[in-house]
Each structure stands twice: as structure tokens, then as C-alpha cells.
Amino acid sequence: MTLHLLLPAAGIGQRFGHSTPKQYCQLAGKTVAEWTLDLWQHVAIDGQRLIVLREDDAVGLDMVQQHASLQPVTGGAERADSVLAGLNALDTGADDWVMVHDIARPCVRTADIDRLWHHCQSTGNGAILARPLTDTIKRQHDGRVSSLDRRQLWAAMTPQCFPVIALREALTEALAAGDSITDEASALERIGVPVDLVEGAADNIKLTRADDLALVEFYLRQQGRLA
Ligand code: C5P
């Protein structure tokens with residue numbers, strides 16, 4: 001079972017509100033993307049390490065040149081297009097697996113990544129890091145508000161880990177059907193493939209809005225990665 005790594009990094013981060021894509025914001029002397037890459041250097045990946053970049057992303061290509069093991073791939077309009085472009089660029093065998101991880105989640109813990117991979121190896125099921133929700137969640141639809149049963153709700157995080165061929169087929173099918181796919185797991189769920197949830201630490205946040213940057217810095221400090 002070879003394990004590959006795929007880092008989608010072709011987003012523009014519309015909700016971040018900066019002209020610089022959020023993954024290239026500076027945080028204590030390096031970019032958010034570099035904080036994420038540094039962490040993955042400590043994870044045993046025996047396959048390829050791919051990063052999906054926007055076309056003409058000079059900053060991204062510069063960064064790739066400093067990481068000998070990293071291969072760039074050009075992404076697409078939506079996250080699912082970018083992930084599929086990455087999967088199509090993998091030189092993969094029938095038993096290969098892939099971990100897909102948002103470049104904008106620099107605080108993921110190696111212990112959680114290891115637990116996720118161990119879960120996939122021991123069960124043979126694809127799985128994702130996720131968190132049980134603590135807030136009461138409201139749904140607003142057609143002018144009416146209703147509440148969902150919190151005990152059944154989890155927030156999906158990354159990495160998300162699946163067999164390469166199954167994920168590639170599921171994403172190809174979902175995109176051809178025109179479905180909106182915001183994570184890898186949903187592409188498999190829509191065709192009835194079971195997906196397991198592995199509980200991960202709450203500090204694995206996705207940098208989304210500008211104020212999240214201070215929180216990322218706080219978590220990196222708390223984890224001892226930043227003095
Ligand atoms: O936009 P969002 O925060 O959901 O993006 C999650 C991840 O997907 C980020 O790492 C982003 O760079 C990536 N992405 C991508 N291609 C896109 C859109 C997002 O690789 N077209």
C-alpha cells in the first residue's frame with residue numbers, strides 16, 4: 001500500500017479579503033503554505049508528494065523549487081477540479097492510497113495524521129479527520145428556520161484519505177453530473193461508498209478569514225512549533 005500526498009493550493013481565498021492568496025500570507029517569517037509543508041516533511045509518505053497550484057502561480061512555483069520532493073500540478077476552477085487534476089497526475093498502482101490535505105490547514109498534528117492512516121490500513125475504509133459539532137446548527141431555507149440534531153453532526157476537516165482509483169472515479173462521476181463537491185468524502189458518499197470519521201484535534205482549523213491568522217499563530221505556539 002503506497003501512500004501519496006496531494007495538497008490542493010489553487011484557491012484564491014475569496015473570503016480572506018486580501019489581494020495575496022491566504023496560503024501565501026506571512027506568519028512568523030514564512031508563509032502559511034510553508035508551515036503546512038514543514039509539517040508534512042515529518043510524515044512518512046512513501047509515494048509522490050503533489051501540490052496543486054493555480055496557473056502562473058510564481059510564488060507557488062518558487063516554493064516548490066525549495067522542496068525537492070514536491071511536484072507541482074496545475075489546478076482548476078473549483079477545489080474538486082484541482083484535486084482531480086492532482087489525482088490524474090499521480091503515477092499510481094492499483095493498491096495506492098492518497099491523503100488530500102488543504103494547504104490552508106497548517107496546524108494539523110502528525111499524531112492525528114498517523115491515527116487516520118492507521119485507521120485506513122486496519123479497516124480498509126476511506127476516512128477523514130473530523131470534529132463533533134458543539135454549536136446548535138440552524139438551517140434557513142425558504143424563509144423558515146429549523147434546527148438540526150447536533151448529536152449527528154460533525155465538521156469535516158483534512159486530511160481525507162482514500163484509495164486513489166476509487167476517489168478518482170468518484171470525483172470524475174460527480175463533476176460530470178454537475179454536483180457541487182466541497183470535499184473528497186462527499187464524492188464517495190454520493191455513490192454509497194462508506195466513509196469513516198476519525199476524530200481530530202480542534203486546532204486543525206482552515207485559514208479562511210483574516211482574523212484566523214492570529215488563531216493559527218496561537219495554535220502553532222501552543223503546539224511548540226513556534227517559539
Ligand atoms: O476555498 P477553500 O478554503 O475551501 O479551499 C480549500 C483548499 O482547496 C485550499 O487549500 C485551496 O487552496 C484549495 N483549492 C484549490 N483549487 C480551487 C479552490 C480551492 O486547490 N479551485
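Which polar backbone atom is 2.6 Å from an oxygen atom of the ligand? Select proline 8 and look at its backbone: a polar atom there sits 2.6 Å from that ligand oxygen. Before you click further, keep in mind that this is a predicted model.

**Stop 1: around the ligand**

Stay with the ligand and bring up its surroundings. You should find 15 residues around it, and the closest are Pro8, Ala10, Lys22, Gly76 and Ser82. Now pick serine 82. One of its polar side-chain atoms is 2.7 Å from a nitrogen atom of the ligand. Then try glutamate 78, where the backbone is the part to show: a polar backbone atom lies 3.4 Å from a ligand nitrogen.

**Stop 2: the largest pocket**

Next, turn on a surface or pocket display. The largest pocket holds about 900 Å³. To find its middle, select Gly11, Arg15, Arg79, Thr182 and Lys206, the closest to the centre among 34 lining residues. For the walls, colour strand S1 (3-9), helix H3 (79-89) and strand S10 (154-163), each of which gives two or more residues to the lining. If you colour the lining by residue type, you'll see 13 nonpolar, eleven polar and ten charged residues.

**Stop 3: the second largest pocket**

Keep S10 coloured, as it turns up again here. The second largest pocket has about 320 Å³ of space and 16 lining residues. Select Arg131, Ala155, Met157, Ala202 and Ile205 to land nearest its centre. Strand S7 (126-132), S10 and helix H7 (212-222) each supply at least two lining residues, with S10 giving the largest share, at three. By type, this lining splits into ten nonpolar, two polar and four charged residues.

**Stop 4: the cysteines**

Last, show the cysteine side chains. How many disulfides does a search of the whole structure find? Zero. Take cysteine 25 to begin with: its nearest cysteine sulfur belongs to cysteine 107, 14 Å away. Cysteine 25 counts as buried because its relative accessibility is 6%, below the 20% cut-off.

Now put a distance label between cysteine 120 and cysteine 161. Why is there no bond here? The two sulfurs are 3.8 Å apart, which is too far for one, since a disulfide needs the sulfurs within 2.5 Å. While you're there, switch to a surface view and look for cysteine 120: at 0% relative accessibility, this residue counts as buried too.

Note on methods:
Residues numbered from 1 in each chain as written. Predicted model: local features only at pLDDT ≥ 70, side-chain atom pairs only at ≥ 80, totals over all residues. Heavy atoms only, no water. Buried < 20%, exposed > 50% of the residue type's maximum accessible area, 1.4 Å probe, protein only. 1 Å grid on protein atoms, 1.4 Å probe; cavity = no way out; pocket = protein on both sides within 12 Å on 5 of 7 lines; lining within 4 Å. Points joined across faces, edges and corners; volume = space filled by probe spheres on them. Helix = DSSP H or I, 4+ residues; strand = E, 2+ residues; numbered from the N terminus. Nonpolar A, V, L, I, M, F, W, Y, C, P; charged D, E, K, R; others polar. Near = heavy atom within 4 Å. Polar contact = N/O pair within 3.5 Å; in protein donor to acceptor, adjacent residues only side chain to side chain.
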